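Colleague: I'm new to this one. Could you walk me through it?

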Amino acid sequence: MTTETRPPHPPTTTSRQPAWEHHDVLDLDDFSVAEIETVLNLADRMREILDRRIARVPALRGYTVVNLFFEPSTRTRASFELAGKVLGADVLSLTANTSSVVKGESLIDTVRTLRAMRTDAIVMRHSMGGAPYLAAAHTDASIINAGDGAHAHPTQALLDLYTMRSHFGDLHGKRVVMVGDISHSRVARSDMWGLAAMGAEVVLCGPPTLLPRGLRASDRPAHAESALPAVTIETNIDHAIEGADVVMALRLQSERQQGGLLPSLHEYARLYQVTEERLAKAHPGYLLMHPGPKNEGTEIATDVASGDNSTIEEQVTNGVAVRMALLYLLSGRTEAPGEPSSEVRA
């Protein structure tokens, strides 16, 4: 079964000044096309810095970033640490089990304490959806959502957009297929907002039990507005991948699932694993993506995960550049992305 709504062509901006009105980065549902482009354009400059022999500039000297992680992380946490350090910021990383949270301190008290120490930005990952929004309401430090439950992961979505744009340029009309556990994926939700804004055709594919309710028009009352942008829903992976420009495999979020959603991992892999045979139906020159961590042999075959069309490692590198751009913008810099200060150009 397939339901489809084509996204409108994205508006263009003619302003020479970069668009940026955010004090926090909580999700992409309130980002304009121009603001997304501001981040992606500045990330181009940050990639240039990362590609230098000595990737260090003093652009954020005196700016303090705290990584506050209540869930395990490798890529996101390490990339934010590196992003801040490359730009000369002071970076401190905390985990819940090494903070006063284990003594009963509330999230509100934690962020207030960090701000009292003159912290400028707090990068937060939390198991509860909405936690970064609560934090943002109780501190004037900038809050960056590094993943909240099954709700959102905006910086991953931005690095995904950046990776696609670096290969395709304009994303309007590109068919982007996300395969797997859509219902529990915060990456999928944020990617939906970003891709829809940029005019891509978004296709979600997975077992019916792993597709969120409310995406199909038939699931909603006639007067209700969707909480997510218009997408195509397809439960047959071969139909979904046909003609795809991008195929993104998603990890089964077993830590967020209740029992009984799948008969077995073997059955899931048989029906929904992204394989070379299935990818043969994609558009020539397709990109294979995965937000990580990936379970090879379950949602993605080992040979294609490291194949010529895979951009999985490129996504990791681009994540540092995108997070550098966000920290730079949140610090209050006003220079246009094409004309950064001498500190960024140095």
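Modeller: Sure. A cavity here is a set of grid points where a 1.4 Å probe fits but cannot get out. Keep in mind as we go that this is a predicted model.

Colleague: Then how many cavities of 30 Å³ or more does a search of the whole structure find?

Modeller: Rolling a probe the size of a water molecule over the atoms shows where empty space is left. The search covers the whole structure, with 30 Å³ as the lower limit. The number of cavities it finds is one.

Colleague: And what is the volume of the largest cavity?

Modeller: The search kept cavities of 30 Å³ or more. For the largest cavity, the volume comes out at about 80 Å³.

Colleague: Which helix gives the largest share of the lining of the largest cavity?

Modeller: Residues lining the cavity include Arg75, Gln156, His290, Pro291 and Arg323. H2, H5 (154–168) and H11 each supply at least two lining residues. The largest share is five residues, and the helix they come from is H11.

Colleague: By class, how many residues of that lining of the largest cavity are polar?

Modeller: Ser79, Gln315 and Gly319 are among the residues around the cavity. By class, the lining has four nonpolar and two charged residues, and the polar ones number five.

Colleague: Now the helices themselves. Are H2 and H11 parallel, perpendicular or oblique to each other?

Modeller: Two packed helices are described by the angle between their axes and the distance between the axes. For H2 (residues 75–86) and H11 (residues 312–330), the axes come within 8 Å and cross at roughly 55°. That angle makes H2, relative to H11, oblique.

Colleague: Is the crossing of H2 and H11 left-handed or right-handed?

Modeller: On the H2 side, the contact includes Phe80, Leu82 and Val86, and on the H11 side Val320, Met324 and Leu327. By class, eight nonpolar, three polar and two charged residues make up this contact. As for its hand, the crossing of H2 and H11 is right-handed.

Colleague: What about H5 and H6: at what angle do their axes cross?

Modeller: H6 spans residues 186–197, and its axis comes within 8 Å of that of H5. Their crossing is right-handed. The angle is roughly 50°.

Colleague: Which residues of H6 make the contact with H5?

Modeller: From H5 come Pro154, Gln156, Ala157, Asp160, Leu161 and Met164. By class, the contact has six nonpolar, three polar and two charged residues. On the H6 side, they are Val187, Ser190, Asp191, Gly194 and Leu195.

Conventions:
Residues are numbered from 1 along each chain as its sequence is written. This is a predicted model: local features need pLDDT of at least 70, side-chain atom pairs count only at pLDDT 80 or more; totals for chains, interfaces and linings use all residues. Side-chain values use heavy atoms; hydrogens and water are left out. Axes are lines fitted to C-alpha atoms, for helices over the stretch in contact, and angles run from 0 to 180 degrees between N-to-C directions. Helices (H or I, at least four residues) and strands (E, at least two) are DSSP runs, numbered from the N terminus. Angles under 35 degrees count as roughly parallel, over 145 as roughly antiparallel, 65 to 115 as roughly perpendicular and the rest as oblique. A crossing is left-handed if the near helix is turned anticlockwise from the far one by less than a right angle, and right-handed if clockwise. Contact means heavy atoms within 4.5 Å. Ala, Val, Leu, Ile, Met, Phe, Trp, Tyr, Cys and Pro count as nonpolar, Asp, Glu, Lys and Arg as charged, and the others, Gly among them, as polar. On a 1 Å grid over the protein atoms alone, a cavity is a set of points where a 1.4 Å probe fits but cannot get out, and a pocket is an open set with protein on both sides within 12 Å along at least five of seven lines; lining residues have an atom within 4 Å of a point. Grid points are joined across faces, edges and corners, and a volume is the space filled by probe spheres set on the points.
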